Amino acid sequence: MKRLYAFVLSIMLFACSFAQVNGNDITMVSYEQSWMDREGTLALKNNTDRDIHNVSFRITYLDMAENPIDYEDFEEEVDIAPGMTRKLDIPAYEREHRYNYYKSEAFPGESHSFKIRFELKDYNGIIDDDADDDADDDADVAISDVMRSYKDVSEGIMSSLLKISIAVFLFGLFAIGVWVGLYVLVAVMAQKRHRSAVLWIILSILSTPILAIILLLVLGTDDSGEESHYEK
């Protein structure tokens, strides 16, 4: 019985060891990231005799003394034929601080160089789409926020334009009323001073009502008509 248990256990251990991913099945050939790149370019080689369809791996970022400073896990959909190499892009490391891979171009006069270590985790497995779904959801939320902000701004602009239009319209009515009132005032002043209202309105149109009012005030009442009446 003990021999049977030992045999079953050895079979299970063998199966587990066979199921483990061989780190040499996929290896990194090269990496590129200059200080101005938005993405780093990673070249992976398929060392197996079967097609690779997706890869899970960890990138460990190292300083120039090869001390770990950061890491990030990736799951990428990529097709690599047996024995072939395929390039794929990943987000650039510390781009905002002008970091560069030590074999790529550095920022002039200022170098933040780093090295990387590639570690294969899995391949030809099922890519976890939850992260992508979350990213899509975040993108949808961001777009919705932008659209909502745009709508709010548009409504605010339209409301402001409407208020300005109403204010301009009311001011125009007021200005027209004042201007017409000035012509009426010219006619009234002309009549009170025994002068032709029509003539002075025409004079106001040719010049301005303000000028006509000033002239009427200066000239005063026309008594020539009354004197002629008394002489008769």
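Start with the whole chain and follow it from the N terminus: the elements run α-β-β-β-β-β-β-β-α-α-α-α. That makes 5 helices and 7 strands. Keep in mind that this is a predicted model.

**The whole chain**

Colour by burial. Of the 232 residues in the chain, 22% are buried. Switch on the surface. About 16,500 Å² is accessible, and 60% of that belongs to carbon and sulfur atoms. Now look at contacts between residues at least 6 apart in sequence: 61% of them join residues at least 24 apart.

**Stop one: Phe 57 and Phe 118**

Show the aromatic side chains. How many aromatic pairs does the structure hold? There are 12 aromatic pairs. Select Phe 57 and Phe 118. Their ring centres are 5.3 Å apart and their planes stand at 35°, so the pair is tilted. Next, colour the strands. Phe 57 lies in strand β3 (residues 52-62) and Phe 118 in strand β7 (residues 113-123), so the pair ties together parts that are 61 residues apart in sequence. Are Phe 57 and Phe 118 buried or exposed? Both are buried.

**Stop two: Tyr 93 and Tyr 99**

Move to Tyr 93 and Tyr 99, another aromatic pair. This one is edge-to-face, with 5.7 Å from centre to centre and 90° between the planes. Check the cover on each partner. Tyr 93 has 9% relative accessibility; buried means under 20%, so Tyr 93 counts as buried. Tyr 99 has 21%, so Tyr 99 counts as partly exposed.

Now widen the selection. Add Tyr 31, Tyr 61, Tyr 101, Tyr 102 and Phe 114 to Tyr 93 and Tyr 99. Ring pairs link these residues into a cluster.

**Stop three: charges over rings**

Keep Tyr 102 on screen and add Lys 115. The charged end of Lys 115 sits over the ring of Tyr 102, 5.1 Å from its centre. Then select Arg 98 and Phe 107. Here the charged end of Arg 98 sits over the Phe 107 ring, 4.3 Å from the ring centre.

**Stop four: a patch on helix α2**

Go to helix α2, residues 130-192, and pick out Ile 157. Which residues form a nonpolar patch on the surface with Ile 157? Select Val 153, Met 158, Leu 161, Ile 164 and Val 168 as well. Together with Ile 157 they have about 580 Å² of accessible area. Why does Ile 157 count as partly exposed? Its relative accessible area is 46%, and partly exposed runs between the 20% limit for buried and the 50% limit for exposed.

Methods
Residues numbered from 1 in each chain as written. Predicted model: local features only at pLDDT ≥ 70, side-chain atom pairs only at ≥ 80, totals over all residues. Heavy atoms only, no water. Patch = residues over 30% accessible without salt bridge, like charges linked within 9 Å, V, L, I, M, F, W, Y side chains within 5 Å. Areas by Shrake-Rupley, 256 points an atom, 1.4 Å probe, with all protein chains shown as cover. Salt bridge = Lys/Arg side-chain N within 4 Å of Asp/Glu carboxyl O. Helix = DSSP H or I, 4+ residues; strand = E, 2+ residues; numbered from the N terminus. Buried < 20%, exposed > 50% of the residue type's maximum accessible area, 1.4 Å probe, protein only. Phe/Tyr/Trp six-rings, centres within 6.5 Å; stacked < 30°, edge-to-face > 60°. Lys NZ or Arg CZ within 6 Å of the ring centre and 35° of its normal. Contact = heavy atoms within 4.5 Å.
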